[in-house]
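Trainee: I'd like to take a close look at just one part of this structure. Could you walk me through a helix and what packs around it, and then show me where it sits in the bigger picture?

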Amino acid sequence: MSDSTTTQLPKDRAAEKGMVNVQIDGHWIQVPRGTRMIEACKIAEKEVPHYCYHPKLSSPGNCRMCLVQMGMPARPAPGEEPTYGDDGYQEIGWMPRPVIACANTVGENMGIRTTGDLVEKCREGVMEFLLINHPLDCPICDQAGECRLQEFSVEHGKGESRFKEDKVKKPKNVKIGPRIRLDDERCIMCSRCIRFMDEVADDPVLGFSERGTHTTVGIYPGRELTNNYGLNTVDICPVGALTSNDFRFQMRTWFLKETDSIDTNCGTGANITIWTRGNKIFRITPRQNDEVNSCWIPDSHRLSYTCPTDDDRLTACLIKADGVHEETCWENALDAAADALKQYDANEIAVIASARQTNEELFMMRTLASELGSDRLAIVARAQTPDEMLVSSDKNPNTTGAKLILDDKNPADKMDAICESIRSGQIKAIVVASEDLTEAAQLTNEDLDNLELIVSLNTSASATAQASDIVFPGASSTEKRGSMINVAGRLQKLNAACIPPGDARVDWEAIRDLINALSGEPSNDTPQSIDQLSEIITKSFDVLNDYTLSKIPNSGVTVIETGVSIPLIDRETARKATGEIVG
Amino acid sequence: MATIKVTRPKLTLLEKIYLPAVIKGLCITFMHAIRSMLGKTPGANENFNSSGLGVTMQYPEQKWDDQLPDYYRGVPALVTDEEQRERCVSCQLCEFICPPKAIAIIPDEIESDDPWAKVEKRPKEFDIDMTRCIYCGMCEEVCPEQAIYLRKDYAMTGLSREDMVNDKKRLYEIGGVRTGLVNKWNEIK
């Protein structure tokens, strides 16, 4: 070794970067100092099975499933210098007993074995103990198919039980809250739910009672798990002990298709996975995004989604004749709307867009307003009480996007003036998309009756749709592609999990067709696909930085500094900094 | 490649005019006709139980059902236990494994006031589309609760496609009762 740089030992080279050298299954890698052994193994792409460990929660190390073999160099005797091998590492003295990988941190020159006789025997033993009292009701259990116990018992379990005694009886089918059912016999006492409710939801209603083999997870007497984040315990439960009333016995998980999308119930834009079979949504689960929602989502958002199979969905274009809505085809409805709108002067028409629309749809609404010559283009503001966790004070998911796309610092401000003009009769016709004006914009049914013409794009038979002269059926947020910008300025994308029911169309197409019907003949730069539209938008707004729909990463990307932060993420960052959680 | 030369056989005059061979064949047919009139064909014995008109069985007046082996794969159907309890817990494994996707199940929760509420789950609807079923028996093989069996019925008929879909009620009618241990009724478990 003549090269001058190689005189430096690997430990010194790693120390310069704040790293340590760890040997995992025979291979040396560098990981940051203070990394948990289980995370180091994850970096080395070696799987360490575990139940109780969760990066967002503290590590009590109570499931014992993550046992691995560990070794450190022998401690030199007083006065003795450590000796280094040809590769620059000290010889590892392997410990004869295993350690848990989740609660121990790595050290310089440490060795970890995730395979081998000792480790495999340990896993087999732990699995056998966990399965002693576990009921074998996988055909009934909802978790089957995504159950860690099921997976690891295939990999590390015995084929049959040596336990001939009677299994311990525990409470089954306990209603611990309005949305959650608990089956104590299935529980493996990993305590993830207890820690979640204590550390993240800050509502410690769950806890262990009894001891030893009789240990039972239960709810504090007289309390219920009513917390708005309670259903996250169902997601993190590695077995089927906690099940959601909403999804319970609805469908086996292996039939469901997963689509990554974002939640549109508030400005946070929590990342979600939509689980569908055919054209029906079965459940929504949070998708990890450490910048937006960590691994969690509020129950109120999780349970409110629009499904194509809902009863109140609009499935055909409607034209009102003598006060009764009649179904018609798109061509007729578009022509009727264009003809009717042409009867009015530009200053008699208002266009009401929505901050529930995607950037693409808002851009089309802006084009529509300029086609009509109207400068009355507004959105409806929608506020709510924030919960200092994930629920934002803004109930609209895309207010930041609306400000950008409509090029207006506060597009909701114009709404009051529009309402006033509607009441005074100055505005005679409105085009409204994705909004129910009676619900959000302080307009009454009488005000709507004042108007001579209402053209609306709606998903359901709302009061506005009922008052409308021409109704176009639109798509809900789970049925369309598009992008939105959340309160913190993060550009994220929606993906279509279902197709719109019946004749309903994706909103941007409907607005485009209306613009075409108004202008008579489509111009050459009319977008033919959402990707084309997305390209036009990114070219028009420098802020979007060339992030077309296909280029936006799955976890989104921050494009605007709004100065707003998400309280739950702030808390998580603080806990990570103290080393309480891995994060 | 080796070439094999085949020489055409030399035929006699009788062979060349074919008539003797034709007559020989007619004789065999005629003999069989007479024997079957007398009820003496091989199929008339108790093994084949035929009509005596040759080996032909006069279906559907005559059937071979009692001869079907135990492993015969006929119409798939649901079974109950001795006390008329549903064995199926609607785990949907048969729906998953079914190669032609003939099975459609909608699961349901057993109400908590039911004496067997501990079983928790049962099928609300269970449809097997017999226009799709290929009688492969995968559903029987995969069932963890021994609830679905291929029975010996094979004559499924219907006047419409809807008729050919066996619903839960019909499946239990065809399936009948099976005895034997099923763990989910076990109180200890």
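Mentor: Let's start with one helix of chain A and work outwards from there. Keep in mind that this is a predicted model.

The helix to find is H9(A), which covers residues 359-372. Two packed helices are described by the angle between their axes and the distance between the axes. Let's do that for two partners of H9(A), one after the other.

Take helix H15 of chain A, residues 507-519, to begin with. The two helices pack at an angle of about 15°, and their axes are 9 Å apart. Angles under 35 degrees count as roughly parallel, so H9(A) and H15(A) are roughly parallel to each other. If you turn the model to look at how they pass, you'll find that the crossing of H9(A) with H15(A) is left-handed. Now zoom in on the residues that meet. From H9(A) come A:Glu360, A:Glu361, A:Met364, A:Met365, A:Thr367, A:Leu368 and A:Glu371. On the H15(A) side you'll find A:Asp507, A:Trp508, A:Ile511, A:Arg512, A:Leu514, A:Ile515, A:Leu518 and A:Ser519. Sort the residues of this contact by class and you get eight nonpolar, two polar and five charged.

Next, swing over to helix H16 of chain A, residues 530-540. Here the packing angle with H9(A) is about 75°, with the axes 10 Å apart. Angles from 65 to 115 degrees count as roughly perpendicular, so that is what H9(A) is to H16(A). The residues of H9(A) that meet H16(A) are A:Asn359, A:Glu360 and A:Phe363. Across from them, H16(A) brings in A:Ile530, A:Leu533, A:Ser534 and A:Ile537. By class, this contact has four nonpolar, two polar and one charged residues. Did you spot A:Glu360, and which two helices does it meet? A:Glu360 meets residues of H15(A), and it also turns up in the contact with H16(A).

Now zoom out to the whole chain. Chain A has 17 helices and 24 strands, and 45% of its 583 residues count as buried. Its C-alpha atoms fill a box of roughly 95 × 70 × 35 Å along the principal axes. Look at contacts in chain A between residues at least 6 apart in sequence, and 67% of them join residues at least 24 apart.

You've seen helices, so let's try some strands. Strands of a sheet pair through backbone hydrogen bonds, either parallel or antiparallel. Strand S1 of chain A, residues 19-24, shows you both kinds. It runs antiparallel to strand S2, residues 27-32 of chain A, and six bridges join the two. In this hairpin there are two residues between the strands, and A:Asp25 takes a positive phi near 50°. S1(A) also runs parallel to strand S6, residues 110-113 of chain A, with three bridges joining them. A:Ile24 is a nice place to see this: its bridge partner in S2(A) is A:His27, and its bridge partner in S6(A) is A:Ile112.

Elsewhere in chain A there's an open sheet of three strands, in the order S7-S8-S11, with antiparallel pairing. S7 (174-175) and S11 (242-244) stand at the edges with a single partner strand each, so one side of each is left without a neighbour in the sheet. Two bridges join S7(A) to S8(A), residues 180-182, and there A:Lys175 stands opposite A:Arg181.

Finally, have a look at chain B. It has five helices and five strands, and from the N terminus on they run α-α-β-α-β-β-α-β-β-α. Buried residues make up 20% of its 189 residues. One spot to click on is B:Ala21 in helix H2, residues 19-37 of chain B. B:Ala21 has 11 C-beta neighbours inside 10 Å, so it counts as exposed. From B:Ala21 to B:Pro115 is 94 residues in sequence and 79 Å in space, C-alpha to C-alpha.

And where the chains touch? The contact takes 15 residues from chain B and ten from chain A. Strand S2 of chain B, residues 103-109, gives the largest share of chain B's side, three residues. By class, that side has six nonpolar, two polar and seven charged residues.

Note on methods. Residues are numbered from 1 along each chain as its sequence is written. Chains are lettered from A and ligands numbered from 1 in the order in which they are written. This is a predicted model: local features need pLDDT of at least 70, side-chain atom pairs count only at pLDDT 80 or more; totals for chains, interfaces and linings use all residues. Two strands pair if DSSP finds at least two bridges between them. Helices (H or I, at least four residues) and strands (E, at least two) are DSSP runs, numbered from the N terminus. Two residues are in contact if their C-beta atoms, placed from the backbone, lie within 7 Å. Ala, Val, Leu, Ile, Met, Phe, Trp, Tyr, Cys and Pro count as nonpolar, Asp, Glu, Lys and Arg as charged, and the others, Gly among them, as polar. A residue is buried if 20 or more other C-beta atoms lie within 10 Å of its own, exposed if 12 or fewer, and partly exposed in between; C-beta atoms are placed from the backbone. Axes are lines fitted to C-alpha atoms, for helices over the stretch in contact, and angles run from 0 to 180 degrees between N-to-C directions. Angles under 35 degrees count as roughly parallel, over 145 as roughly antiparallel, 65 to 115 as roughly perpendicular and the rest as oblique. A crossing is left-handed if the near helix is turned anticlockwise from the far one by less than a right angle, and right-handed if clockwise.
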